[in-house]
Amino acid sequence: MSSLAPIIAVISLMDLGRSLGGLVSWAPLLTPEMLPNLAATAIQGQTLPSDWHVSVGAMALYALAFVALAIWRFDREEL
């Protein structure tokens, strides 16, 4: 990538979500910070929280969006 702006934007948004956790109760669900806790809970055989699908779904959507963005940028810069 020729610019660090997308990387800085992603890091800034993740930090913003972390800092808004106390003000907006659903903001931490949209960050990857919940995934280690969910994995530990699942490994121990305990029941998952009722909102586990929000975190997993958000991370899946983020992954798809970042892959689509990378493919689009690669096609745009290489052709």
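**Questions about a three-helix model**

Tyr 62 has its place in helix H3 (residues 52-78). This is a predicted model, in which local features need pLDDT of at least 70, side-chain atom pairs count only at pLDDT 80 or more, and totals for chains, interfaces and linings use all residues. Residues are numbered from 1 along each chain as its sequence is written, and side-chain values use heavy atoms, with hydrogens and water left out.

Reader: Why is Tyr 62 called partly exposed?

Author: Buried means under 20% relative accessible area, exposed over 50%, and partly exposed in between (1.4 Å probe, protein chains only). Tyr 62 has 34% relative accessibility, so Tyr 62 counts as partly exposed.

Reader: What makes the nonpolar surface patch that includes Tyr 62?

Author: Trp 26, Leu 30, Tyr 62, Phe 66, Leu 69 and Trp 72 make it, with an area of about 620 Å². Patch residues have over 30% relative accessible area and no salt bridge (a side-chain nitrogen of Lys or Arg within 4 Å of a carboxyl oxygen of Asp or Glu). Like charges are joined within 9 Å, and nonpolar side chains (Val, Leu, Ile, Met, Phe, Trp, Tyr) within 5 Å. Accessible areas come from the Shrake-Rupley method with a 1.4 Å probe; for residues, only the protein chains shown count as cover.

Reader: Why is Leu 38 called buried?

Author: Leu 38 is in helix H2 (residues 34-43). Its relative accessibility is 10%, and therefore Leu 38 counts as buried.

Reader: Which residues does Leu 38 touch, not counting residues up to four places away in sequence?

Author: They are Leu 48, Pro 49, Trp 52, Ser 55 and Val 56, where contact means heavy atoms within 4.5 Å. The C-alpha atoms of Leu 38 and Pro 49 are separated by 8.1 Å, with the two residues 11 apart along the chain.

Reader: Thr 41 is in helix H2 too; why is Thr 41 called buried?

Author: Thr 41 has 17% relative accessibility, so it counts as buried. Beyond its neighbours within four places in sequence, Thr 41 is in contact with Gln 46, Thr 47 and Leu 48. The side chain of Thr 41 also reaches the backbone oxygen of Asn 37 at 2.8 Å.

Reader: Which element has the lowest mean pLDDT, and which the highest?

Author: Helix H1 (residues 5-19) has the lowest, 78, and H2 the highest, 91. The scale, the predictor's confidence in each residue, runs from 0 to 100. The protein averages 83, and 87% of the residues score at least 70. Where pLDDT is low, the predicted coordinates should not be read in detail.

Notes. Helices (H or I, at least four residues) and strands (E, at least two) are DSSP runs, numbered from the N terminus. A polar contact is a pair of N or O atoms within 3.5 Å; within protein, one must be able to donate a hydrogen and the other to accept it, and residues adjacent in sequence count only if both atoms are side-chain atoms.
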